[in-house]
Amino acid sequence: MNFGFNSNVRVGNAVYHVQTEDRGPAHPYLDTVVYVAGRVVHKHTSSYEDLTGGTAEGEALAERLHERLSQQHHEVMAQLEAGTLELNVPGGAPAKAPAAASNAELEIHLLNPKSWLASGNATLEVELRRKGSAEAMSGVEIAAFLDGMQDRATPSHARTDAKGRATLTFPLPATITEGTALVIRASTGVLHGELRFLLKAKQGDKSPAPSPK
């Protein structure tokens, strides 16, 4: 049961290669390695023994492992794009990748702000356009996830259609930690965009409100 993801992420003038792999059932660990110019600048490892020790097996286990792998891969990519990922630079202390240029952005619009939450499930209808333009951005990967909770829900991923639209769906936890944000993020590797909403901690009252900039 081996899975893997490989992505290139452009941050400023640098192109980073992010690789996440499963070591296999004999060694239940997920490794994410970040390279730049063929050099390893970051490595993150996590265990998934909690999955192998449960009741899930076969296709069910494979699906849960694939989700865990995807979550770890995209979280490292998100930190890299945000400039918060510590990088090991030869001859000096750990550094951080520069944040992506602010003039290369995408605009994300939530089309159903009053009806995105129903029966504990989030259904986000979004539209993606180039900043300051009516140009629809098609074929762009867009993701939604919760930021600020100790146990994050698995991110939801989709690609925009010819009109720059996509639907992301995922279940929300029954209890929301104070300060948790619903994040919708899009990236082409060059252009980036993010929409962030704070979620109210009181169960049953999770209407999003824009977070302060």
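Contact, as the word is used here, means that heavy atoms lie within 4.5 Å of one another. The structure above is a predicted model, and this account of it moves from a strand residue in a nonpolar core to a sheet, and then to individual residues in loops and strands.

With that meaning in hand, and leaving aside neighbours within four places in sequence, V126 is in contact with I108, H109, L110, L111, I142, G164, R165, A166, L168 and I184. Several of these names return when one turns to the largest nonpolar core, which has 26 residues, and in which I108, L124, V126, I142, F170 and I184 touch the most other members. The strands β7, β9 (121-130), β10 (141-147), β12 (165-171), β13 (181-187) and β14 (192-198) each supply at least two residues of this core, and β9 gives the most to it, with four residues. There is also a second, separate core, made of 12 residues, which includes V18, V34, V76 and L80. As a general matter, nonpolar side chains in soluble globular proteins tend to be buried together.

Elsewhere in the chain, four strands form an open sheet whose order is β1-β2-β3-β4, with antiparallel pairing. Its edge strands are β1 (4-11) and β4 (39-47), each of which pairs on one side only, while the twist from one strand to the next averages 15°. Within this sheet, strand β2 (residues 14-22) and strand β3 (residues 29-36) run antiparallel and are joined by seven bridges; D22 stands opposite L30 in β3.

The loop between β3 and β4 contains A37, a residue that has a positive phi of about 55° although it is not a glycine. A37 counts as exposed because its relative accessibility is 79%, where exposed means over 50%. A second residue can be read in the same manner: S119, found in the loop between β8 and β9, has a phi near 55°, again a positive value in a residue other than glycine. With a relative accessible area of 78%, S119 is exposed as well.

The loop between β7 (106-110) and β8 (117-118) holds N112, and here the accessibility falls on the other side of the scale. N112 has a relative accessible area of 13%, and it is therefore buried, since that term applies to values under 20%. If residues up to four places away in sequence are not counted, N112 touches T123, L124 and E125. One of these, T123, is also involved through its backbone oxygen, which lies 2.8 Å from a polar atom of the side chain of N112. Another, L124, has already appeared among the residues that touch the most other members of the largest nonpolar core.

T123 leads on to T169, which is found in strand β12. T169, with residues up to four places away in sequence left out, touches A122, T123 and S156. What is the degree of exposure of T169? Its relative accessible area is 46%, so T169 is partly exposed, a term for values between the 20% and 50% limits. Finally, T169 and L117 are 52 residues apart in sequence, and their C-alpha atoms are 9.8 Å apart in space.

How values were computed
Residues are numbered from 1 along each chain as its sequence is written. This is a predicted model: local features need pLDDT of at least 70, side-chain atom pairs count only at pLDDT 80 or more; totals for chains, interfaces and linings use all residues. Side-chain values use heavy atoms; hydrogens and water are left out. Buried means under 20% relative accessible area, exposed over 50%, partly exposed in between (1.4 Å probe, protein chains only). A polar contact is a pair of N or O atoms within 3.5 Å; within protein, one must be able to donate a hydrogen and the other to accept it, and residues adjacent in sequence count only if both atoms are side-chain atoms. A nonpolar core is a set of buried Ala, Val, Leu, Ile, Met, Phe, Trp, Tyr and Cys residues joined through side-chain atoms within 4.5 Å. Two strands pair if DSSP finds at least two bridges between them. Axes are lines fitted to C-alpha atoms, for helices over the stretch in contact, and angles run from 0 to 180 degrees between N-to-C directions.
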